[in-house]
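Biologist: Could you take me through one part of this model closely, starting with a pair of packed helices and moving on to what lies around them? I would like the cut-offs spelled out as you go.

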Amino acid sequence: MPIAVELENIIFGYDKERILNDISIDIQSQKFTTIIGPNGSGKSTLLKVISSLISPDNGIVRLDGIDIKNMSQLDIARKVAVVPQENNIEYRFTVQDIVMMGRYPHLGRFQTESIRDYKLVGNALEMTNTIHLKDRYINELSGGEKQRVIIARALAQQPKIILLDEPTSYLDIQHQVEILELLENLNKEEGLTVIAILHDINLAARFSNNMILLKDGTVIGEGNPREVITLENLKNAYEIDMIISKNPYSNSPYVIPLSRMGKGKIIKEEKIHVICGGGTGTDLIQRLTANGYKVTTGVLNIGDSDWKFSQIYDIETIEEAPFTDISDNSYSSNISAIERSGIVILTSIPVGSGNLKNLEAVHYALNAEKRVIFLDQYVNQVKYDYTTGDGEKLIMNIRNNCRENYKSIQELLLNL
């Protein structure tokens with residue numbers, strides 16, 4: 001795939017403040033690339049360097065292999081269109097007038113608009129679904145409508161590359177998705193190279209082919225969404241605990257922020273051992289961790305949904321091979337983890353012959369006079385015992401002998 005934009009050793013700063021630190025990246029042609037990162041990481045500055053709005057203190061910017069220093073502003077405008085973050089237009093221009101401004105790089109000094117220019121403007125209005133607005137004044141439109149018009153103006157330039165600085169800011173979720181679907185369609189159907197700054201990591205992951213993650217003016221992640229959106233990268237950039245799962249709609253990474261790492265979160269000394277499975281522990285572990293508790297889990301079969309969550313969030317887990325019964329060794333490790341913990345929590349796990357030893361481990365904790373909490377939600381389950389009755393018998397014994405039985409995670413947390 002050809003390279004649309006090459007950045008080589010880019011350095012830029014205002015006065016003594018360094019904004020971009022020796023950035024070298026290639027952005028592929030005809031791809032949808034998003035730039036993400038915390039506030040102040042240099043995202044908008046990088047976009048300004050690419051568009052030649054500002055010149056770097058050091059380094060080279062190439063557009064389609066040509067050094068931008070050897071290009072006139074008119075040549076750049078014929079290749080690159082920019083949709084800025086702020087689009088406050090106070091004058092009463094019609095939508096058609098605004099979009100026609102995109103044709104100026106292609107007109108001579110005293111040249112008037114031709115039939116072809118009006119046709120191209122009409123095409124841009126059609127592509128952005130704003131043709132019905134062409135006679136309306138720009139300052140009378142909603143935020144989503146105005147944003148589509150500004151994109152139409154950029155398309156009227158017939159650029160190869162479109163740069164967008166937070167195109168979804170100040171828009172509700174409906175219009176955010178609408179704008180990104182428009183850009184996605186232009187990228188796929190028209191071959192337009194899209195480079196956009198987005199604050200919403202999940203939308204960026206859903207719509208883009210490639211991502212660039214910045215922190216303090218340095219690229220700390222580059223590649224496809226799965227390569228960039230990792231716990232290591234995002235914790236480094238945003239300094240926040242989070243969970244990375246999968247968007248069931250798009251299969252793209254999906255980020256769930258939790259709490260600021262070490263910032264205002266009290267780390268509890270007491271360890272909590274959670275015996276769970278089948279997805280019954282995910283929400284609980286997430287809430288416990290967010291509240292500063294050190295959590296361990298066990299025994300979980302590899303591939304179990306709670307096991308997957310524990311791996312993603314780096315929870316110490318006693319694991320067993322997939323689709324096998326809990327072994328004596330795993331049971332012993334479970335008991336050791338219980339002995340090292342101050343609290344043992346049992347969730348409403350579905351019970352089969354393979355995990356009966358998890359319930360036996362809870363009985364051990366009760367007999368050892370550990371603080372045992374039963375997140376008892378079996379009342380709402382039609383069937384939870386897949387044994388010949390042994391599971392239900394153990395559950396009933398735990399329910400009768402456990403001093404703390406709670407029906408919800410919120411109730412449990414309030415009593416920790």
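Modeller: Happily! In H12, the residues Asp328, Tyr331, Asn334, Ile335, Ile338 and Glu339 meet Lys357, Asn358, Glu360, Ala361, Tyr364 and Ala365 of H13, where contact means heavy atoms within 4.5 Å. By class, this contact divides into 6 nonpolar, 2 polar and 4 charged residues; Ala, Val, Leu, Ile, Met, Phe, Trp, Tyr, Cys and Pro count as nonpolar, Asp, Glu, Lys and Arg as charged, and the others, Gly among them, as polar.

Before going on, please keep in mind that this is a predicted model, in which local features need pLDDT of at least 70 and side-chain atom pairs count only at pLDDT 80 or more, while totals for chains, interfaces and linings use all residues. Residues are numbered from 1 along each chain as its sequence is written, and side-chain values use heavy atoms, with hydrogens and water left out.

Helix H12 covers residues 328-339 and helix H13 residues 356-367; helices (H or I, at least four residues) and strands (E, at least two) are DSSP runs, numbered from the N terminus. The two helices pack at an angle of about 35°, with axes 10 Å apart. Here axes are lines fitted to C-alpha atoms, for helices over the stretch in contact, and angles run from 0 to 180 degrees between N-to-C directions. The crossing of H12 and H13 is right-handed, that is, the near helix is turned clockwise from the far one by less than a right angle.

Staying with H13, we find histidine 363 there. Histidine 363 counts as buried because its relative accessible area is 19%, and buried means under 20% (1.4 Å probe, protein chains only). Leaving aside neighbours within four places in sequence, histidine 363 is in contact with Leu394, Asn397 and Ile398.

Now to the sheet. An open sheet is formed by 6 strands in the order S15-S14-S13-S16-S17-S18, with parallel pairing; two strands pair if DSSP finds at least two bridges between them. Strand S15 (316-320) and strand S18 (404-406) are the edge strands, each pairing on one side only. On average, neighbouring strands of this sheet are turned by 20° against each other, direction ignored. Within the sheet, strand S13 (residues 271-275) pairs with strand S16 (residues 343-346) in the parallel sense over 4 bridges, and isoleucine 272 has isoleucine 343 in S16 as its bridge partner. Helix H14 (residues 390-401) packs on the sheet and touches S16, strand S17 (371-375) and S18. The direction of H14 makes about 120° with that of S17.

Conventions
Buried means under 20% relative accessible area, exposed over 50%, partly exposed in between (1.4 Å probe, protein chains only).
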